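Look at the aromatic side chains first, and then at the surface around them. The text below goes through them step by step.

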Amino acid sequence: MSYVPAAPGAGMPARATREIGLPLASAAGWMKFIGIMFIIQGAITALTIVGIIIAWLPIWIGVLLLQSAGAAQRSQLQDDANALIEALSRLKTYFVIQGVLYLVGLALMVIYFVFFGAVVAAMLHNNLGH
């Protein structure tokens, strides 16, 4: 879904923008903190040979959170409905990425248990057969 900014003057009233965006803007400090921590995690991950392959993910997540926090604050300071929509859009992308990562992690965990379960079963079968 793409975002098309509203025409100037066609947005929500300033009071509505402020009221709707207040919870998000008040969490901007935490969003920035978590975003910076993700970027640091990505930089540390990139120091390893294998980690350099996946280091872009936490860096991207951190940048998304920083952008969302900045847009949320901008929406409060400038009564800008488009900035609020941008903040929510970046936050949506963050949650989609996190959801996909959790699903991939769960799938890998199932594969891990099936594989090692088969290894243990084969070892038990060989030991009981002798």
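Which residues do ring pairs link into a cluster? In this predicted model, the cluster consists of Tyr112, Phe113, Phe115 and Phe116, joined through ring pairs.

Take Phe115 as one member of this cluster. Phe115 lies in helix α5, which covers residues 81-129. The relative accessible area of Phe115 is 49%. The class "exposed" requires over 50%, so Phe115 counts as partly exposed.

The surface gives a second view of these rings. Tyr112, Phe113, Phe115 and Phe116 belong to a nonpolar patch, together with Leu103, Leu106, Met109, Val119 and Met123. The accessible area of the patch is about 930 Å² in total.

Now turn to the other aromatic pairs. Searching the whole structure gives seven aromatic pairs. One of them is formed by Phe38 and Tyr94, whose ring centres are 6.5 Å apart. Their planes meet at 70°, so this pair is edge-to-face. The pair connects distant parts of the chain, since Phe38 sits in helix α2 (residues 28-45) and Tyr94 in helix α5, with their positions 56 residues apart in the numbering. Both Phe38 and Tyr94 are buried.

Tyr94 also pairs with Phe95. This pair is edge-to-face as well, with 5.1 Å from centre to centre and 70° between the planes. Are the two partners buried or exposed? Tyr94 has a relative accessible area of 14%, so Tyr94 is buried. Phe95 has a relative accessible area of 54%, so Phe95 is exposed.

Technical notes: Residues are numbered from 1 along each chain as its sequence is written. This is a predicted model: local features need pLDDT of at least 70, side-chain atom pairs count only at pLDDT 80 or more; totals for chains, interfaces and linings use all residues. Side-chain values use heavy atoms; hydrogens and water are left out. Patches are made of residues with over 30% relative accessible area and no salt bridge: like charges are joined within 9 Å, nonpolar side chains (Val, Leu, Ile, Met, Phe, Trp, Tyr) within 5 Å. Accessible areas come from the Shrake-Rupley method with a 1.4 Å probe; for residues, only the protein chains shown count as cover. A salt bridge is a side-chain nitrogen of Lys or Arg within 4 Å of a carboxyl oxygen of Asp or Glu. Helices (H or I, at least four residues) and strands (E, at least two) are DSSP runs, numbered from the N terminus. Buried means under 20% relative accessible area, exposed over 50%, partly exposed in between (1.4 Å probe, protein chains only). Rings of Phe, Tyr and Trp (its six-membered ring) pair if their centres lie within 6.5 Å; planes under 30 degrees apart count as stacked, over 60 as edge-to-face and the rest as tilted.
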